[in-house]
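Please open the model in your viewer, show the side chains as sticks, and follow the stops below in order.

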Amino acid sequence: MGSDTFFENFVSDNLRIINRICRAYARDPEEMKDYVQEVTIQLWKSYEKFKGNSQVSTWVYRVTLNVCLSLSKKGQRRVETVSILPNDIPEEGIDPQQEQLAKLYAAMKKLKDTDRAILLLYLEDKSYTEMADILGITVTNVGAKVNRAKNQLKSIIR
């Protein structure tokens, strides 16, 4: 598979997924660009190892979450300051749905990294089986983690 085909199939077609996950972990727009770039590099490095045993999107979720979790853990060694991305700040006259989405992302940034990953997949309407495959845990464990993360998010939003 050539580099043009790789970029088109694995990055361009899944950029929405990559951006949404990176946005949930990045502290600011520059860090988000770094996350997206690192995900792209990791996808590039590992695409030949992709055997097609799962859907391409499942593989992209797995790589993206692993990169974001890894970078997020490295970032925790720095002074803990969480800035909200510009897209997380509601502007006057913004549509209510966008405002709710911004509040959701801001609240999710207060969750543990693993709980954030579970909720991102849940919000993407992934089945528990797909979530288990992406995260490398059992379906039963996914169910318990989803319920716990949803309850924690509800507490933060209130």
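Is aspartate 115 buried or exposed? Select this residue to begin: aspartate 115 is buried, since its relative accessible area is 2%, where buried means under 20% relative accessible area, exposed over 50% and partly exposed in between, computed with a 1.4 Å probe on protein chains only.

Before going further, note that this is a predicted model, in which local features need pLDDT of at least 70 and side-chain atom pairs count only at pLDDT 80 or more, while totals for chains, interfaces and linings use all residues. Residues are numbered from 1 along each chain as its sequence is written, and side-chain values use heavy atoms, with hydrogens and water left out.

**The whole chain**

Colour the model by secondary structure, and you will find eight helices and zero strands; helices (H or I, at least four residues) and strands (E, at least two) are DSSP runs, numbered from the N terminus. Of the 158 residues, 40% count as buried. Among contacts (heavy atoms within 4.5 Å) with a separation of 6 or more, 67% are between residues 24 or more positions apart.

**Salt bridges**

Side chains of opposite charge can pair when their charged atoms come close. The structure holds seven salt bridges, each being a side-chain nitrogen of Lys or Arg within 4 Å of a carboxyl oxygen of Asp or Glu.

Return to aspartate 115 and add arginine 148, whose side chain meets that of aspartate 115 in a salt bridge of 2.8 Å, N to O. This pair links distant parts of the chain, with aspartate 115 in helix 6 and arginine 148 in helix 8 (residues 139-157), 33 residues apart. Arginine 148 is partly exposed, at a relative accessible area of 38%.

Next select lysine 33 and glutamate 30, which form a salt bridge with their closest N and O atoms 3.3 Å apart. Both residues lie in helix 3 (residues 29-46), three residues apart, or about one turn of the helix, and both are exposed.

Now move to arginine 16 and glutamate 124, a salt bridge whose closest N and O atoms are 3.6 Å apart. Arginine 16 belongs to helix 2 (residues 15-25) and glutamate 124 to the loop between helix 6 (113-123) and helix 7 (128-135), so the pair ties together parts that are 108 residues apart in sequence. Arginine 16 counts as exposed, with 52% relative accessibility.

Keep glutamate 124 selected and add arginine 20, because Arg16, Arg20 and Glu124 are linked in a network of salt bridges. The side chains of glutamate 124 and arginine 20 also make a polar contact of 2.3 Å, a term for a pair of N or O atoms within 3.5 Å; within protein, one must be able to donate a hydrogen and the other to accept it, and residues adjacent in sequence count only if both atoms are side-chain atoms. Leaving aside neighbours within four places in sequence, glutamate 124 is in contact with Arg16, Arg20 and Tyr61.

**Helix 2 against helix 6**

Finally, display helix 2 and helix 6 together: Arg20, Ile21, Ala24 and Tyr25 in helix 2 meet Asp113, Arg116, Ala117 and Leu120 in helix 6. Within helix 6, select aspartate 113, which is buried, with a relative accessible area of 10%, and whose side chain is joined to that of arginine 116 by a polar contact of 3.3 Å. Aspartate 113 and lysine 73 are 40 residues apart in sequence and 8.5 Å apart in space, C-alpha to C-alpha.
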